[in-house]
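Here's a quick walk through the empty and filled spaces of a protein model, starting with the ligand. Have a look at the structure first, then read on.

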Amino acid sequence: MNSYSEKIPQRPAWTEIDLGKLRRNLQLIRADLPRAVNWLAVVKDEAYGHGALDVARVALEEGAWGFGLSTLEEAMHLRENGITAPLLLLGERQEAELEWCVAHDLTVCVNEPHNVRTLAKLATDFGKQVPVHLKIHTGMSRYGVRWDEAWPLIETILAEKSLLLEGVMTHFSQSDETDKTFANLQFARFNEVLQTLEQKGVSVKLRHACNSGGFLDLPHAHLDMVRTGILMHGVFPSQVCRQIPGIEPVMSVKARIAAIQKLEPGEVIGYGMRYTAPTEQRIAILPIGYGDGFPRVRNEGCALIHGQRAPLVGGIAMDALMVDITDIPQAQMWDEAVLMGKQGQDEITVRDIAKLKNSVTYDVLTNWRLRLRRKSVNGKITTQKAQTILATDGHR
Ligand SMILES: *Cc1c(COP(=O)(O)O)cnc(C)c1O
């Protein structure tokens with residue numbers, strides 16, 4: 001972002017993040033979770049496009065233990081902005097990243113001995129005892145040491161006095177479908193590791209397995225902490241998982257009408273002449289396109305204008321799309337249109353956009369481009385509590 005970009009007038013196309021709804025969602029999640037269970041807010045990829053710092057600040061006020069992130073840059077962004085709560089890096093770290101992690105108290109997941117030894121040495125150099133979370137693969141076959149080969153690595157960690165085995169975790173590959181057979185098999189494998197730890201008298205403060213789907217549908221797997229991502233943003237991980245009433249989408253995508261055209265019968269519109277007007281039509285041009293992350297559709301989808309559905313006509317362009325407003329005569333230049341979200345009684349859901357994209361809701365949320373500036377609403381953080389949290393090292 002350039003130095004002047006905060007000052008110039010906002011483009012008439014933007015994403016709107018309702019931090020009031022976010023807060024409500026987080027309160028409902030926290031209230032649904034047994035008190036003894038900690039809650040990690042996963043804010044990787046800019047909190048799924050919602051703005052990691054804003055989401056983290058609200059989540060701290062609502063009782064998050066810490067935050068889950070993917071990249072070192074994401075974690076440093078929170079640290080540099082005064083977030084002192086635990087930050088857990090979920091993926092795998094390159095050796096060169098480990099020194100940063102120790103220096104800035106970023107918690108690393110480990111799943112092989114080399115990084116364990118490197119971390120231990122760095123911890124000694126820094127004079128710190130460094131917490132680590134051991135990642136167990138129980139069937140997802142992504143990151144992690146296999147559940148049936150974990151013990152030697154645990155011994156390696158325990159042998160390092162400068163390390164603290166603070167967490168043991170696994171990740172479900174399917175927690176939000178009706179059939180929980182595989183999730184339960186994964187959990188049984190994870191339990192084998194936890195039992196071994198218990199038998200050997202090793203106590204670990206945070207045993208965690210659940211993502212949003214597991215949090216909703218696998219209460220027996222909550223253990224000491226759950227890791228929620230998409231649910232915080234008001235989007236359920238699937239349509240068959242348990243629903244918590246009152247949870248609402250946080251993100252909307254909006255644009256203002258930037259031109260109005262009249263089409264005579266037989267006239268065409270847009271690149272490739274993909275649409276021919278059957279009758280006289282009134283068309284609104286919205287200054288948002290696939291260059292902003294809207295799916296590259298033709299004659300599919302719609303926008304909400306004055307609470308009514310205006311169907312998309314023609315093929316969408318990089319920076320513009322066209323909608324038919326013949327039946328919305330009150331629509332005028334610079335009126336607000338909703339591309340995703342609610343207007344009046346109607347709503348275009350994240351799932352609707354995912355269908356247009358032939359993809360999933362996670363992909364839709366994270367792929368709005370940043371040239372659509374994020375406008376946060378209802379988000380004042382005024383309470384003493386948050387200011388204290390941000391100013392001191394409060395949250396462990
Ligand atoms: C992304 C992620 C989550 C959060 O998943 P949601 O389905 O968005 O709740 C939890 N745990 C791990 C390891 C992740 O990578």
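## Polar contacts to the ligand

A polar contact here is a pair of N or O atoms within 3.5 Å. Keep in mind that this is a predicted model. With that cut-off in hand, take Gly229: a backbone N or O atom of this residue sits 2.9 Å from an oxygen atom of the ligand, so the pair counts as a polar contact.

Side chains join in too. Ser212 has a side-chain N or O atom 2.5 Å from an oxygen atom of the ligand. For Arg227, a side-chain N or O atom is 2.8 Å from a nitrogen atom of the ligand. How much of the ligand's accessible area does the protein cover? On its own the ligand has 390 Å² of accessible area, and the protein covers 93% of that.

## The shell around it

Step back a little and you'll find 14 residues surrounding the ligand, with Lys44, Tyr48, Ser212, Ile230 and Tyr362 as the closest. Sorted by class, that shell has five nonpolar, five polar and four charged residues.

Which elements give two or more residues to the shell? They are helix H2 (44-49) and strand E10 (225-228).

## The pocket it sits in

The space that the ligand takes up is the largest pocket. This pocket holds about 640 Å³ of space. Its lining runs to 34 residues, and those nearest the pocket's centre are Lys44, Tyr48, His171, Asn211 and Tyr362. Lys44, Tyr48 and Tyr362 also turn up among the closest residues to the ligand.

As for elements, H2, helix H9 (212-217), E10, helix H10 (350-357) and helix H11 (361-366) each give two or more residues to the pocket lining. H10 gives the most, with three residues. By class, the lining splits into twelve nonpolar, 14 polar and eight charged residues.

## A cavity as well

Besides the pocket, how many cavities of 30 Å³ or more does the structure hold? Just one, and about 60 Å³ of space lies in the largest cavity.

Lining the largest cavity are Lys135, Ile136, His137, Thr138, Met140, Arg142, Tyr143, Thr170 and His171. In terms of class, that's three nonpolar, four polar and two charged residues. His171 is worth a second glance: this residue lines the largest cavity, and His171 is also one of the residues nearest the centre of the largest pocket.

Technical notes
Residues numbered from 1 in each chain as written. Predicted model: local features only at pLDDT ≥ 70, side-chain atom pairs only at ≥ 80, totals over all residues. Heavy atoms only, no water. Near = heavy atom within 4 Å. Polar contact = N/O pair within 3.5 Å; in protein donor to acceptor, adjacent residues only side chain to side chain. Areas by Shrake-Rupley, 256 points an atom, 1.4 Å probe, with all protein chains shown as cover. 1 Å grid on protein atoms, 1.4 Å probe; cavity = no way out; pocket = protein on both sides within 12 Å on 5 of 7 lines; lining within 4 Å. Sits in = over half its atoms within 2 Å of the grid points. Helix = DSSP H or I, 4+ residues; strand = E, 2+ residues; numbered from the N terminus. Nonpolar A, V, L, I, M, F, W, Y, C, P; charged D, E, K, R; others polar. Points joined across faces, edges and corners; volume = space filled by probe spheres on them.
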